[in-house]
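Ready for a few exercises? Have a look at the sequence and the model below, then work through each task before reading its solution.

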Amino acid sequence: MRFSVGLGTEADASFPQEIISRKDSISEVYFSWGTFPSGRNDQTRQAGLTPWEAQARQTEVLSLLAKAGIPLNLLFNANCYGSRAQSRSFFSEIGATVDYIGSHFGLRAVTTTSPLIGKFIKQNFPTLDVRASVNMGIGTPHGMAYVAAFFDSFYVQREKNRDFTALHALRRWCDQNGKEMYLLANSGCLNDCSAHTFHDNLVAHEREIAALDNGYQFDGICHSWLREPENHRHFVSHTGFIRPEDVHRFEGLVPAMKLATRVHENPVRILRAYIDKKSFSGNLPTLLEPNHAKSLYPYVLENSKIKATVQDGTLIYEADEALIRLEEVYADESND
């Protein structure tokens with residue numbers, strides 16, 4: 001299995017070199033550009049750097065990756081573009097950006113949540129792979145068919161990750177219609193989150209929101225849900241991540257998996273777990289984005305104690321024995 005890896009300005013400066021050292025296992029690197037809203041934080045707003053310095057750093061890294069021959073995937077995956085979403089000036093800016101990045105670094109794909117952006121890219125940059133974002137929640141052949149005119153490939157809805165029956169149906173549809181599909185492996189988002197769309201809209205408008213005197217702060221339903229101790233034991237069953245140990249089960253279904261690393265505090269850990277070791281011994285939430293390790297405190301979710309089986313076409317994780325209080329972990333270590 002190969003992996004699509006996200007590039008963020010907050011990552012350790014060594015991260016690009018870590019990517020390059022594993023380039024045989026890297027299908028592409030995805031990233032947002034400039035102040036374009038995306039599905040994660042504005043990559044030009046980094047502590048300690050001006051927006052120009054952050055952009056210069058990203059340009060330097062993209063040049064490095066391009067020289068290493070690693071394909072690039074540009075993100076226009078915000079959930080909302082406001083009043084500009086259909087404007088000529090907006091598409092002119094997108095076209096200029098795609099043209100600039102393509103001519104300076106090379107570009108293989110564009111991932112977007114907007115069917116109109118998909119249409120624009122297909123009409124004006126026909127050699128690029130236009131990919132539907134995971135944030136579109138496409139999880140059925142019908143869902144793919146509805147927007148097939150706008151997209152060449154699809155990220156599958158997170159909630160379908162462990163449903164092999166659904167994945168095989170999607171694979172058949174893609175094969176019959178000349179399309180491709182991919183999975184996001186390490187999402188820490190809750191399945192069927194009632195506030196997911198609302199949260200994605202907030203992220204898309206974070207620049208405007210940051211300039212206002214706001215009455216409330218919204219950190220995500222997942223964080224508040226996990227603050228309730230009784231929900232800790234449901235975390236595994238209420239999420240759709242795929243452990244490094246189980247990636248092999250998806251060979252033949254998808255050519256690559258996406259790893260969420262753009263805003264993760266330790267993206268190297270994710271690469272080493274999924275690419276180098278193909279396993280992980282430790283607190284599983286530290287591999288996910290969002291990372292819910294703090295929310296689960298004082299428990300850790302020991303990945304090596306999770307039992308995986310396939311039952312009736314579904315990948316089942318049994319994690320009752322994996323949720324351990326920290327003092328028990330330290331006790332075990334002192335006895336070794």
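**Exercise 1: Closing the barrel**

Strands E7 and E8 run parallel and are joined by two bridges. Keep in mind that this is a predicted model.

Task: Find the bridge partner of leucine 184 in E8, then work out in which order the strands close into a barrel.

Solution. Start at leucine 184, whose bridge partner in E8 is lysine 258. Next, go from E8 to strand E1 (residues 2-6): these two pair in the parallel sense over four bridges. Here phenylalanine 3 stands opposite methionine 257 of E8. Now step back to the whole: eight strands close into a barrel, in the order E1-E2-E3-E4-E5-E6-E7-E8, with parallel pairing. On average, neighbouring strands of this sheet are turned by 25° against each other, direction ignored.

**Exercise 2: The two faces of a strand**

Task: Decide whether the residues on each face of strand E8 (residues 256-259) are buried or exposed.

Solution. Begin with a general idea: in a regular strand, side chains alternate between the two faces of the sheet. In E8, Ala256 and Lys258 lie on one side, while Met257 and Leu259 lie on the other. All four are buried, so both faces are covered; "buried" here means under 20% relative accessible area.

**Exercise 3: A helix across two strands**

Task: Describe how E6 and E7 pair, and say which helix lies across them.

Solution. Strand E6 (residues 153-155) pairs with strand E7 (residues 180-184) in the parallel sense, over three bridges. One pair to look for is phenylalanine 154 with its bridge partner in E7, methionine 181. Helix H6 (residues 164-177) lies across E6 and E7, and runs at about 150° to E7.

**Exercise 4: A buried charge**

Task: Locate arginine 158 and find the nearest side chain of opposite charge.

Solution. Look in the loop between E6 and H6, where arginine 158 is found. This arginine is buried. The nearest side chain of opposite charge, aspartate 200, is 5.8 Å away. A salt bridge needs the charged atoms within 4 Å, so arginine 158 has none. Setting aside residues up to four places away in sequence, its contacts include Leu184, Cys189 and His196.

**Exercise 5: Inside the cores**

Task: Which residues touch the most other members of the largest nonpolar core?

Solution. That core has 83 residues, and the answer is Ile94 and Ile121. Leaving out residues up to four places away in sequence, isoleucine 121 touches Ile94, Val98, Val110, Pro126, Leu128 and Val130. A second, separate core has eight residues, among them Tyr30, Tyr155, Ala256 and Ala260.

Conventions. Residues are numbered from 1 along each chain as its sequence is written. This is a predicted model: local features need pLDDT of at least 70, side-chain atom pairs count only at pLDDT 80 or more; totals for chains, interfaces and linings use all residues. Side-chain values use heavy atoms; hydrogens and water are left out. Two strands pair if DSSP finds at least two bridges between them. Axes are lines fitted to C-alpha atoms, for helices over the stretch in contact, and angles run from 0 to 180 degrees between N-to-C directions. Contact means heavy atoms within 4.5 Å. Buried means under 20% relative accessible area, exposed over 50%, partly exposed in between (1.4 Å probe, protein chains only). Lys and Arg count as positive and Asp and Glu as negative; His and the chain ends are not counted. A nonpolar core is a set of buried Ala, Val, Leu, Ile, Met, Phe, Trp, Tyr and Cys residues joined through side-chain atoms within 4.5 Å.
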